[in-house]
Amino acid sequence: MLFDTHAHLNLPHFEKNLEKIIEEAKKNQVNYILVPGINYQTSVKALEISKKFENIYSACGFHPSEIEDFDLERIKNLLKEEKVLAIGEIGIDKLKADNLEKQKFVFEEQVKLALEFNKPIIIHNRKGTDEILEILSKYQNKIKEKVIFHCTEPEEKILNFAIEYRCFLGFDGDLTYLEEKQNFVKKVPLNLILLETDSPFLVPEPLKSQKIFPNKPSNLPLILNFLSQLLKIENKTLEKIIFENSLRAFKILKNGN
């Protein structure tokens, strides 16, 4: 059994064939999916999808590229819903560095809200490692086993922080073609690894070379199989470890939330 811990099923790419996409995922043993929000509208859409399908869950929050409409109260209301398991994806994106101070403010406000509601935090990080770790470090033991570095940057700072605070590190389709990430994942403790597709983005090989788009949760086994060979761990053994990690990361009981 597999858990795609980050799939944007709430984006337009999947509007016309969502049920088919989810059925394909189940046929490939991807029975659990977490749908993150990037703003209020997509957070609401993620919740709607999670309510419609069994073992589909959602997260809500304002991505750093979507903070102009930031509204803490609206996110707070969504967090009261049973199938909203996390805040995310939130973080720092220095490719949009003209509003870095506002990004830091909005990120920290959402971190505080996650801690208030005892929810995990899904981190988006693009060249913002120092700022993200500085903010998270303010909360020390409160964030233990409550942080997921989505599509993690392959940085020693992140790895050391993750080990100290038991943060989870998400690996995506780019693991199948980026040597830097392949070298990095070998250093990560097995109990901190999550797998994601980031659908519709980050298509894994060999589909990437075949120019097959969009990415889908049903492609998650390609990432698992690659990682199994890379780490020289039997596929089923690794699958079980990572599935257990995923349930723990999002505080899901084996018989449901």
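The crossing of helices α4 and α5 is right-handed in this predicted model. Two packed helices are described by the angle between their axes and the distance between the axes. Here α4, which spans residues 100-116, and α5, which spans residues 129-137, pack at an angle of about 35°, and their axes lie 10 Å apart. On the side of α4 the contact is made by Leu100, Lys104, Phe107, Glu108 and Val111, and on the side of α5 by Glu131, Ile132, Ile135 and Leu136. Sorted by class, this contact comprises six nonpolar residues and three charged ones, with no polar residue.

The surroundings of α5 extend beyond its partner α4. The buried residues of α5 are Thr129, Glu131, Ile132, Leu133, Ile135 and Leu136. Among the elements that cover them are the strands β4 (84-93), β5 (121-126) and β6 (147-149), together with the helices α4 and α6 (156-165).

From this helix pair the description passes to the nonpolar interior. In soluble globular proteins, nonpolar side chains tend to be buried together. The largest nonpolar core of the model has 67 residues, and those that touch the most other members are Leu9, Phe107, Leu136, Phe149, Leu169, Phe171 and Leu227. Helix α4 supplies the largest share of this core, with seven residues. Two of the residues just named, Phe107 and Leu136, also take part in the contact of α4 with α5. Apart from the largest core lies another, of 16 residues, which includes Leu34, Ala59, Ile148 and Phe243.

Phe149 illustrates how parts of the chain that are separated in sequence meet in the largest core. When its neighbours within four places in sequence are left aside, Phe149 is in contact with Ile123, Ile132, Leu133, Leu136, Ile158, Phe161, Cys167, Phe168, Leu169 and Gly170. Of these partners, Ile132, Leu133 and Leu136 are among the buried residues of α5.

Helix α1, residues 18-27, has Leu18, Ile21, Ile22 and Ala25 as its buried residues. Because these residues cover an arc of only 95° around the axis, they lie on the same side of α1. The face turned away from that buried side carries the exposed residues Lys20 and Lys27. The buried residues of α1 pack against β2 (30-35), α2 (40-52) and β3 (56-60). Just after α1, Gln29 adopts a positive phi of about 70°.

Other backbone features occur elsewhere along the chain. A positive phi, near 55°, is found at Arg166, a residue other than glycine, in the loop between α6 and β7 (168-171). Arg166 counts as partly exposed because its relative accessibility is 40%. Lys251, likewise not a glycine, has a positive phi of about 55° and is found in the segment after α9 (235-249). With a relative accessible area of 37%, Lys251 is therefore partly exposed.

The model also contains cis peptide bonds. One joins Gly88 and Glu89, with omega about 10°, and Glu89 is found in strand β4. Another runs from Phe213 to Pro214, with omega near 5°; Pro214 lies in the loop between β8 (193-195) and α8 (220-231).

Two charged residues in helices complete the description. Lys181 lies in helix α7, residues 179-185, and counts as buried because its relative accessibility is 7%, the cut-off for burial being under 20%. Residues up to four places away in sequence not counted, Lys181 touches Cys151, Thr152, Pro154, Phe171, Asp174 and Leu175. One of these partners, Phe171, is among the residues of the largest core that touch the most other members. The C-alpha atoms of Lys181 and Glu153 are separated by 8.0 Å, and the two residues are 28 residues apart along the chain.

Glu101, by contrast, is exposed, because its relative accessible area is 56%, and its place is in helix α4. Between Glu101 and Leu238 there are 40 Å in space, C-alpha to C-alpha, and these residues are 137 residues apart in sequence.

How values were computed:
Residues are numbered from 1 along each chain as its sequence is written. This is a predicted model: local features need pLDDT of at least 70, side-chain atom pairs count only at pLDDT 80 or more; totals for chains, interfaces and linings use all residues. Side-chain values use heavy atoms; hydrogens and water are left out. Axes are lines fitted to C-alpha atoms, for helices over the stretch in contact, and angles run from 0 to 180 degrees between N-to-C directions. Helices (H or I, at least four residues) and strands (E, at least two) are DSSP runs, numbered from the N terminus. A crossing is left-handed if the near helix is turned anticlockwise from the far one by less than a right angle, and right-handed if clockwise. Contact means heavy atoms within 4.5 Å. Ala, Val, Leu, Ile, Met, Phe, Trp, Tyr, Cys and Pro count as nonpolar, Asp, Glu, Lys and Arg as charged, and the others, Gly among them, as polar. A nonpolar core is a set of buried Ala, Val, Leu, Ile, Met, Phe, Trp, Tyr and Cys residues joined through side-chain atoms within 4.5 Å. Buried means under 20% relative accessible area, exposed over 50%, partly exposed in between (1.4 Å probe, protein chains only). The arc is that of the directions from the helix axis to the C-beta atoms.
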